[in-house]
Amino acid sequence: MAEPPCIEIRDLRLAYGPKEVLRGISLDVLPNEIFGVIGPAQSGKTSLLRCLNRTIDFVPTARVQGTIRVDGDEVRRTKDVFALRRKIGMVAPLPVGLPLSIYDNVAFAPRCAGLTRKADLEAMVEQCLRQAALWEEVKDRLDSLGTRLSGGQQQRLTIARALSHQPEILCLDEFSIAIDPVTTMRIEEVLKELRAHMTIILVTNLTQQARRLADRTLFLWNGEIVELDRTDVIFSEQPANRKTYEYVNGIFG
Amino acid sequence: MAEPSHPGGRRPGWQALDRGQRARPWEWVAEQAIRVVSVTAIVLVFLIFVFVMREALPVLLGRVNSAAAQERRALPVEQMDRLDPEELRQYLELSRKEFAEMDRDTLRLLMEVKLEAAEEVPEDKDAPLNTAAWRYLLGPHQWTGYDRPAYIWQPVSSIHKYNIVPLIVGSLKTSVVALLFAVPLALAAALYVSQLAPPRLKEWVKPGIELLAGIPSVVLGFFGLVVLATFLQQVCGYASRLNAFVAGIALGLACIPVIFSIAEDALTSVPRSFSEAALALGSSRWQAAWQVVLPAAVPGVFAAIVLGFGRAVGETMVVLMASGNASLLTWSVFDSTRTMTATIAAELAETVFGGHHYRILFLLGALLFAVTFLSNLLGELVIQRLKRRLEGGR
């Protein structure tokens, strides 16, 4: 491999109490690729993302083993977990609009990171909202509450928020769940542009979305890697594993 | 409440289920019992208000005369026979029943007592003043022996001076000191316990602070009187040992658990997803707590402060013991002071039932009632407004 991987995961195991969720995951994510993750419910997709930015810490019963390196830095022993989280933008499947204005929602992370100049913040907010395809809809009411937006708008607000701290890695967990197809396509276009600046991990239930966007796709099932390969191979007639074929073609289960 | 009956009589199938009250007599009984209890509770509270207002009303309407010298009433004893019985009864301020039960000698004795009382009237230019009138209750007056107009509360001197302004200011001073002391402490503690503290510490701190609520206020007053007063005087070096400041701090101790426990509940009930979303964005725990959780909990926190204010204004024993109880009208918190509550507690038992002093104390009670009622009402309005703003209604 020419470039060193951006994320290195080795034998990652995760259990919530007695329930094993990830059973020995090892994989590399390369810089500036779009890395698709597909798999049925309960397969550990979201948990994998939560291990990356250590939000798994909020679950008291969670037990993590194995190593994760982001840019060579061991995530589980990092000194500055806040810097780590700033490096990784996270979009959760259910939008959580902070009880702040739209503007403050997006400006929250840069402010926490110490950006205080008004002009910089305003430019940043506009850019992020444009990238999330939300700017045109909210530019006249940036002062109103983020939680007042519709579900799909809130989802795009969380995307704008995740971009606001200029992450190196953007994790999208079912981002299009509440967004109409047209807007989804617009965001997908933005993602294709963004990959020039960042690595994108795209967790999705829409296998076709992974097919459209991802360079490589991981098929996760029951906490184990079934197959990880170039997207065209995963979606071809002959993936390495028969389960993959069945899943992406809707025969599975 | 009348039971709406179905026009078509009996209904078939599941539709009959939603009118199950008649089929379940016990539920009906329980419902009625609960209704009676709740109505009783409301009526009782209302009756308290009615009672307080009834006692205070004569003062409110200016029908009470507290002049030390009430000349036209002092009649010589010999005139007794010239008055008809009804006039005599009114002159002696007796009820019909009492009057009927008394024989002539007793009445004569009462006449003499009345006359003596009239003759004992102090040689004072203020003696004919009705000090229970509004202008003396609220405005300054230059009493005999004073070199300038002043606000004086001296209900048991020869001239009854009933100016309630010093008491209102006293209540205000101690409450403000108490809130200035208690609100930051209680809110900081609530924020810490609900957002930042490790769970194990939280298990200890929360009941610990709430235990403060269980301390009888007389114990807090004692603590303020003995320990706090000396300590604060040594630290601050003011002249009078017991003053509004000491009382305010002791009162603050009584308010902290109230404010803390309500604010803590409000902060804890903010969905964890908010703070987790903030943390996932790379904020510190403190930033998440301060910038996200606190704004989301503002209505509850405000309610906590309003209740704390209610407690501070209404608390009696602490201020009675630690404030010094001198009804001085000054703005300095380091002067002894006296609150409305302490005045009622200290003086009501000594008053003549139905007399002017008695009625003015009830006026204070009504005033307290009004203050807490208004603060709660205002608080409720503000809370509704904050909630609407947070929930994003129109």
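Which residues does B:T339 touch, not counting residues up to four places away in sequence? They are B:L167, B:G170, B:S171, B:T174 and B:V319. Keep in mind from the start that this is a predicted model. B:T339 sits in the loop between α13 (317–322) and α14 (340–347) of chain B. With a relative accessible area of just 1%, this threonine falls under the 20% cut-off, so B:T339 counts as buried. Its side chain also has a polar partner: the side chain of B:T341, at 3.0 Å.

For another buried residue, hop over to chain A and find A:L218. This leucine belongs to strand β9, which covers residues 216–221 of chain A. Its relative accessibility is 0%, so A:L218 counts as buried. Leaving aside residues up to four places away in sequence, A:L218 touches A:L27, A:F35, A:G36, A:V37, A:I38, A:L48, A:I225, A:E227 and A:L228. A:G66 makes a handy landmark here: A:G66 and A:L218 are 152 residues apart along the chain, and their C-alpha atoms are separated by 19 Å.

Now look at where the two chains meet. On the chain B side, 22 residues are in contact with 22 residues of chain A. Between them the chains bury about 1,800 Å², and 67% of that is on carbon and sulfur atoms. If you want to know where chain B loses the most area to chain A, go to B:A280, B:L281 and B:G282, which together make up 31% of what that side buries.

What about charged and polar links across this interface? The rule finds one salt bridge there. B:E276 pairs with A:R50, and the closest N and O atoms of the two are 3.8 Å apart. That distance is within the 4 Å limit, so the pair qualifies as a salt bridge. There are also two residue pairs in polar contact between chain B and chain A. As for the elements involved, α10 (272–280), α11 (285–296) and α15 (356–391) of chain B each bring at least two residues to the side that touches chain A. α10(B) gives the largest share, with seven residues. Sorted by class, that side of chain B has nine nonpolar, eight polar and five charged residues.

Helix α15 of chain B is worth another visit for its aromatic rings. Over all chains, a search of the whole structure turns up eleven aromatic pairs. Take B:F49 and B:F369: their ring centres are 4.7 Å apart and their planes make an angle of 35 degrees, so this pair is tilted. The two are 320 residues apart, with B:F49 in helix α1 (residues 25–60) and B:F369 in helix α15, so the pair links distant parts of the chain. Both rings belong to partly exposed residues, B:F49 with a relative accessible area of 29% and B:F369 with 30%.

The same two helices are linked by B:F51 in α1 and B:F362 in α15, 311 residues apart. Here the centres lie 5.6 Å apart and the planes are at 85 degrees, so B:F51 and B:F362 form an edge-to-face pair. B:F51 is partly exposed at 39% relative accessibility, whereas B:F362 is buried, with a relative accessible area of 12%. Step back a little and you'll see that ring pairs join B:F51 and B:F362 with B:F353 and B:Y358 into a cluster.

Terms used: Residues numbered from 1 in each chain as written. Chains lettered and ligands numbered in written order. Predicted model: local features only at pLDDT ≥ 70, side-chain atom pairs only at ≥ 80, totals over all residues. Heavy atoms only, no water. Contact = heavy atoms within 4.5 Å. Buried area = accessible area lost by both parts, 1.4 Å probe. Salt bridge = Lys/Arg side-chain N within 4 Å of Asp/Glu carboxyl O. Polar contact = N/O pair within 3.5 Å; in protein donor to acceptor, adjacent residues only side chain to side chain. Helix = DSSP H or I, 4+ residues; strand = E, 2+ residues; numbered from the N terminus. Nonpolar A, V, L, I, M, F, W, Y, C, P; charged D, E, K, R; others polar. Phe/Tyr/Trp six-rings, centres within 6.5 Å; stacked < 30°, edge-to-face > 60°. Buried < 20%, exposed > 50% of the residue type's maximum accessible area, 1.4 Å probe, protein only.
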